2 protein chains.
Amino acid sequence: MPHNHEAILNHVKADMPADEVLQDLGDLFKIFGDTTRIKIMYALHEDEMCVCAIAELLNMTQSAISHQLKVLKAANLVASRREGKTIYYRLSDDHVKSIIAQGYDHLTE
Amino acid sequence: MPHNHEAILNHVKADMPADEVLQDLGDLFKIFGDTTRIKIMYALHEDEMCVCAIAELLNMTQSAISHQLKVLKAANLVASRREGKTIYYRLSDDHVKSIIAQGYDHLTE
DNA sequence: TCATCATATGAACACTTGCTCATATGTTCA
DNA sequence: TGAACATATGAGCAAGTGTTCATATGATGA
């Protein structure tokens with residue numbers, strides 16, 4: 001007969017967050033899981049930047065950057081302000097920096 | 001004429017990690033960007049578990065779990081030990097917990 | 001109001017990804 | 001050695017994702 005895990009399962013189940021929370025967590029990290037978005041967030045690390053500057057920095061299309069900024073904004077990872085024709089993007093809070101830093105730590109060990 | 005970003009670009013470029021590092025960072029977070037893997041890591045949060053227990057907990061195929069454990073192991077996020085026929089998996093370091101915790105913080109604000 | 005710059009958006013396509021199914025590997029015990 | 005259990009693996013497929021291309025929206029200044 002297959003072995004039994006009743007004890008462990010009951011214990012772990014009790015500590016498990018709701019499915020919805022875990023789904024949201026996955027969705028959040030999915031956003032960090034793309035090099036272009038990582039680069040954008042890194043670029044905004046110290047200062048705000050306009051869309052075309054980011055595009056020039058990453059040597060990518062304005063459209064591609066704009067699409068990604070939309071994703072980042074929807075996840076509350078970046079915020080923006082308009083100044084004339086130009087729109088400046090910045091990181092919306094410090095979690096971005098901490099998350100990336102933790103990831104970096106894991107890599108460099 | 002389009003506006004100029006020379007100053008900002010030079011500044012940001014200097015602080016930008018190598019492309020390879022950013023690629024690795026993206027690849028790492030990509031692994032956190034899946035609900036099944038998040039659940040597995042959460043399940044291992046406190047204690048090691050064998051494959052079939054995880055499968056039972058998540059109500060998923062043994063094969064599906066095994067495939068994901070392989071991904072997690074390749075990224076050094078989990079480690080395993082054999083005990084007879086059973087193989088127990090555990091988190092390989094504390095970064096997993098910190099990364100998930102940071103993500104959780106971002107969500108609950 | 002018209003031309004130009006800055007950004008956003010939608011459709012389409014190539015590429016990736018996670019699961020399933022079938023099967024292989026590895027271990028134990030009789 | 002063979003049967004049963006635990007896990008791993010490979011191929012295949014449906015669903016998701018990031019970029020491009022064309023075009024739309026919005027703002028400025030002449």
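## Exercises on a predicted two-chain model

A:Glu83 and A:Arg81 form a salt bridge, with their closest N and O atoms 2.7 Å apart; a salt bridge is a side-chain nitrogen of Lys or Arg within 4 Å of a carboxyl oxygen of Asp or Glu. This is a predicted model, in which local features need pLDDT of at least 70 and side-chain atom pairs count only at pLDDT 80 or more, while totals for chains, interfaces and linings use all residues. Residues are numbered from 1 along each chain as its sequence is written, chains are lettered from A and ligands numbered from 1 in the order in which they are written, and side-chain values use heavy atoms, with hydrogens and water left out.

**Exercise 1.** Determine which residues are linked with A:Arg81 in a network of salt bridges.

*Solution.* Step 1: A:Arg81 also pairs with A:Glu48, at 2.5 Å between the closest N and O atoms. Step 2: A:Arg81 belongs to strand 2 (residues 78–83) of chain A and A:Glu48 to the loop between helix 3 (35–43) and strand 1 (49–50), so the pair ties together parts 33 residues apart in sequence. Helices (H or I, at least four residues) and strands (E, at least two) are DSSP runs, numbered from the N terminus. Step 3: the network therefore links A:Glu48, A:Arg81 and A:Glu83.

**Exercise 2.** Establish how chain B is related to chain A.

*Solution.* Step 1: a turn of 180° with a shift of 0.0 Å along the axis lays chain B on chain A with an RMSD of 0.0 Å; the superposition is by least squares on the C-alpha atoms of residues with pLDDT of at least 70 in both. Step 2: the two copies are thus related as by a two-fold rotation axis. Step 3: the same surface serves both copies, since 100% of the contact residues of chain B recur in chain A (contact: heavy atoms within 4.5 Å).

**Exercise 3.** Describe the interface between chain B and chain A.

*Solution.* Step 1: 52 residues of chain B are in contact with 52 residues of chain A. Step 2: the chains bury about 4,700 Å² between them, 73% of it on carbon and sulfur atoms; buried area is the accessible area (1.4 Å probe) that two parts lose on being put together, summed over both. Step 3: B:Phe29, B:His95 and B:His106 supply 14% of the area that chain B buries against chain A, more than any other three residues. Step 4: two salt bridges are counted between the chains. A:Lys39 and B:Asp19 meet through their side chains in a salt bridge (3.0 Å, N to O). Step 5: helix 2 of chain B gives the most to the side that touches chain A, with 11 residues.
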